[in-house]
Every structure is written in structure tokens, then in C-alpha cells.
Amino acid sequence: MKVMLRTARVEDAPAMVDLLRQLGYPGTGAFLAHRLAQLAAHPDALVQVAEVQGVLRGVIALHFIPQLALAGDFCRVAYLCVDEQARSLGIGALLERFAHEEAQRRGCERIELHSSAHRVDAHRFYARLGYEESPKYLAKKP
């Protein structure tokens, strides 16, 4: 199986809608193309997709966040999803390796991500890749 990584394009939006639904984000169809265009124009954002035989099977969205008290930025994995039909084939690890290499290239201090408590399989995946739990994550709506 040959996996091709490339930068996401606006025309990938329909296929990405299903991936994001699988990740627990239904209803992105109304705005996803706009968001892809917006992120493509942002110098501190990067969205990469994985294709297998021309079919989009995975996506990773990264944000590079300048830090006040550190010399390097943080690389934030905002979204990482592999199609349910293509999991355990190495696509997620390939996308994460891309993030790791891009973070190194940009001189980042660390890579961080948030994974909901119910995503136990994802936690095992991230642990195998060297991620460690860093409690506590707090959030509020504006």
C-alpha cells in the first residue's frame, strides 16, 4: 500500500467532512472549504492529507504557536484522523511523523495535542509514538 502525503486543498473538503464526522465533529460541510482556504493562507497553520490510491484516508492539522518564555514555538496537533476503514495500516504514524519532522524543521520546543478521555485507542497510539500525559487541560467558551 502506497500512501501519498500532500498539502490539503479546498477541493478535499467533501472527503474531509466524513473524516471529521468520524472524529466526532459532524456538520462541518457548511464551512470546511472556507476553513481550508483560511488555514492555507495562514503562515502558522498547515493541513496535510494522506491518500491511498487516490482516496483521502487521513488528515492532520497543525498550528505553530510562538511562545513568550521559550526560544521555540509549540507545534499543536489540532486534528489527526484516519478513516475507520484504514486504521492500523500506519497512516496515522506517517501523518504524525510528518508533524514531528515539520516541528523539528521549524525549531519547535514541543509537540502537543488534546485527546478526549474517551479515546482510549488514540491514547495508546500516542503513547507508542512517545507522547506523555501532561495534565491538566482547561477550557471555556467565550
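This passage describes the sheet, the helices, the cores and the salt bridges of a predicted model.

Local features are reported only at pLDDT of at least 70 and side-chain atom pairs only at pLDDT 80 or more, whereas totals for chains, interfaces and linings use all residues. Residues are numbered from 1 along each chain as its sequence is written, and side-chain values use heavy atoms, with hydrogens and water left out.

Helices (H or I, at least four residues) and strands (E, at least two) are DSSP runs numbered from the N terminus. Two strands are taken as paired if DSSP finds at least two bridges between them. Strands of a sheet pair through backbone hydrogen bonds, either parallel or antiparallel. In this model, five strands form an open sheet in the order E1-E2-E3-E4-E5, and the pairing is mixed. The edges are occupied by strand E1 (3-7) and strand E5 (110-113); each has a single partner strand, so one side of each is left without a neighbour in the sheet. From one strand to the next, the twist averages 25°; the axes behind this angle are lines fitted to C-alpha atoms, for helices over the stretch in contact, and angles run from 0 to 180 degrees between N-to-C directions.

E1 runs antiparallel to strand E2 (residues 45-52), and five bridges join them. Within this pair, Met4 stands opposite Glu51 of E2. Val3 also belongs to strand E1. Its C-alpha atom is separated by 6.3 Å from that of Ala50, although the two residues are 47 residues apart along the chain. With contact defined as heavy atoms within 4.5 Å, and residues up to four places away in sequence not counted, Val3 touches Ala50, Glu51, Val52, Ile91 and Leu94.

On the other side of the pairing scheme, E2 and E3 are joined in the antiparallel sense over eight bridges, and Glu51 has Leu56 as its bridge partner in E3. The two strands form a hairpin with two residues between them, and Gln53 in the turn has a positive phi of about 50°. A residue is called buried under 20% relative accessible area, exposed over 50% and partly exposed in between (1.4 Å probe, protein chains only). By this criterion, eight of the eight residues of E2 are buried. In a regular strand the side chains alternate between the two faces of the sheet. Both faces of E2 are covered, with Ala45, Val47, Val49 and Glu51 buried on one side and Leu46, Gln48, Ala50 and Val52 buried on the other.

A nonpolar core is a set of buried Ala, Val, Leu, Ile, Met, Phe, Trp, Tyr and Cys residues joined through side-chain atoms within 4.5 Å. The largest such core has 21 residues, and those with the most contacts inside it are Ile60, Leu62, Leu80, Ile91 and Leu95. At least two residues of this core come from each of E2, strand E3 (55-65), strand E4 (74-82), helix H3 (91-105) and helix H4 (120-128). H3 gives the most, with five residues. Apart from neighbours within four places in sequence, the contacts of Ile91 are Met1, Val3, Ala50, Val52, Arg57, Gly58, Val82 and Ala86. A second, separate core of 14 residues includes Leu19, Leu36, Val47 and Cys81.

In helix H1, the buried residues are Ala13, Met16, Leu19, Leu20 and Gln22. Seen down the helix axis, they fall within an arc of 165°, so they line one face of H1; the arc is that of the directions from the helix axis to the C-beta atoms. These residues pack against H2, E2, E3 and E4. Just after H1, Gly24 takes a positive phi of about 105°. Thr28 lies in the loop between helix H1 (13-22) and helix H2 (32-40). Thr28 is buried at 6% relative accessibility, and its contacts beyond four places in sequence are Val17 and Leu20.

Side chains of opposite charge can pair when their charged atoms come close. With a salt bridge defined as a side-chain nitrogen of Lys or Arg within 4 Å of a carboxyl oxygen of Asp or Glu, the whole structure contains nine. In H1, Arg21 and Asp18 form one with an N to O distance of 2.6 Å; being three residues apart in the helix, they are separated by about one helical turn. Both are partly exposed, Arg21 at 43% and Asp18 at 30% relative accessibility. Asp12 pairs with Arg6, the closest N and O atoms being 2.7 Å apart, and both residues are buried. Arg106 and Glu102 meet at 2.9 Å, N to O; Arg106 is partly exposed at 29%, whereas Glu102 is buried at 10%. Salt bridges that share partners also join Arg6, Asp12 and Glu51 into one network.
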